[in-house]
Amino acid sequence: MLYTRRALLGGLTTALMAQDAPRNPNYHVIDPHVHVWRHDPRFPFAAGAHVPDRDAAPETLLELMKANGVERTVIIQVIHYRYDNRYLGSVLKQYPRYFKGVARVDPLDPASPDHLSRLVEEDGFKGVRLSPGADAAGDWIDGPLMLPLWKRCAGLKVPMTILAPITRMPAVGRLIDQCPDLMLVIDHMADCPVDQPRELEKLIALKRHARTFVKVSHAWSLSKQKYPWLDAQELVKRLHSAFGPQRLMWATDWPIIENSGAKYAQALTLARDDMTFLNDEDKRWMLSKTISRVWPFEGVPA
């Protein structure tokens with residue numbers, strides 16, 4: 001049988017794609033932290049937002065997921081829209097099989113508990129994110145509006161995710177002590193500086209609350225070294241010892257990871273291949289089962 005040049009090239013392409021295909025572990029890999037945005041007049045950015053010229057489109061994200069064997073993703077409302085969650089809501093409706101969403105609400109608005117109820121019950125969001133900064137502008141985390149919002153989140157049975165520096169962990173602990181039924185997720189290891197390792201104890205103290213989880217992400221941002229960011233891995237080792245893999249989860253923080261020159265794929269290979277202190281069961285939890293406990297996806301076993 002004679003083969004055309006096109007057939008031969010097609011066969012070669014198929015072989016190369018198979019050779020370069022991502023390793024597929026015997027569990028469903030889920031990414032619990034990305035952002036999306038699009039320059040679209042229907043969904044204006046917040047006043048004063050510093051938005052990159054490029055889009056972070058869900059279609060680009062889906063391509064990255066497919067190329068790296070990531071099956072589902074949790075999208076966190078990006079700060080560019082602040083508390084207007086409509087764009088993310090539209091993405092969730094367009095791709096319900098692949099994405100779940102975490103909204104933002106205004107921590108200084110007394111009506112935020114009701115706004116959160118609407119976002120969860122009517123728009124299908126699966127949690128809320130708060131981000132108190134380290135300076136005085138973030139002192140609202142100790143203010144009177146917090147406890148009603150946290151209790152509403154607990155009542156809605158969705159997780160509270162916190163982006164905050166390590167110095168805010170005691171305040172977070174005081175709140176979670178009053179909301180024992182709330183599921184809490186701390187983003188990015190509380191961005192603990194690698195050169196201040198004692199500070200990590202402020203995050204480790206939260207292990208007393210059995211429903212607190214930690215994203216062991218931002219190794220690329222915290223590290224002062226090249227990939228595989230061994231100095232930041234030391235933080236992960238301590239968190240693994242304190243919380244166990246059942247309460248830790250990897251994440252890419254795409255596309256923010258690209259700001260440092262790192263790639264989406266490196267966030268995955270770091271946890272899957274290059275954290276040599278993790279065994280296969282650890283990875284099963286941190287790349288899949290822990291995330292499924294917090295954000296169950298249809299068709300993905302918890």
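This report covers one helix, a group of aromatic rings, two charge-over-ring contacts and a strand in a predicted model.

## Helix α5

Helix α5 spans residues 146–156, and its buried residues are Met 146, Leu 149, Trp 150, Cys 153, Ala 154 and Leu 156. Viewed down the helix axis, these buried residues fall within an arc of 165°, so they line one face of α5.

The buried residues of α5 pack against two helices, α4 (112–121) and α6 (169–177), and against the strands β4 (128–130), β5 (160–162) and β6 (184–186). Just after α5 comes Lys 157, which takes a positive phi of about 60°.

## Aromatic pairs

The structure holds five aromatic pairs. A pair of aromatic rings is described by the distance of the centres and the angle of the planes. One of the pairs is formed by Phe 45 and Tyr 81: it is tilted, at 4.9 Å centre to centre and with 40° between the planes. Phe 45 lies in the loop between β1 (29–34) and α2 (58–68), while Tyr 81 lies in the loop between β2 (70–76) and α3 (86–94), so the pair ties together parts that are 36 residues apart in sequence.

The two partners differ in exposure class: Phe 45 is partly exposed, with a relative accessible area of 23%, whereas Tyr 81 counts as buried at 3% relative accessibility. Tyr 81 also pairs with Tyr 87; the ring centres are 5.6 Å apart and the planes are at 25°, so this pair is stacked. Tyr 87, like Tyr 81, is buried. Through ring pairs, Phe 43, Phe 45, Tyr 81 and Tyr 87 are linked into a cluster.

## Charges over rings

Arg 97 has its charged end over the ring of Tyr 98, 5.7 Å from the ring centre. In a second contact, the charged end of Lys 289 sits over the ring of Trp 285, 4.2 Å from the centre.

## Strand β7

In a regular strand the side chains alternate between the two faces of the sheet. Strand β7 comprises residues 212–215, and both of its faces are covered. Thr 212 and Val 214 are buried on one side, and Phe 213 and Lys 215 are buried on the other.

Strand β7 has parallel pairings with two strands. With β6, the pairing runs over three bridges, and Val 185 has Phe 213 of β7 as its bridge partner. With β8 (residues 248–249), the parallel pairing runs over two bridges; here Lys 215 stands opposite Met 249 of β8. Strand β6 also appears among the elements that the buried residues of α5 pack against.

Conventions: Residues numbered from 1 in each chain as written. Predicted model: local features only at pLDDT ≥ 70, side-chain atom pairs only at ≥ 80, totals over all residues. Heavy atoms only, no water. Buried < 20%, exposed > 50% of the residue type's maximum accessible area, 1.4 Å probe, protein only. Helix = DSSP H or I, 4+ residues; strand = E, 2+ residues; numbered from the N terminus. Arc of directions from axis to C-beta. Contact = heavy atoms within 4.5 Å. Phe/Tyr/Trp six-rings, centres within 6.5 Å; stacked < 30°, edge-to-face > 60°. Lys NZ or Arg CZ within 6 Å of the ring centre and 35° of its normal. Pairing = 2+ DSSP bridges.
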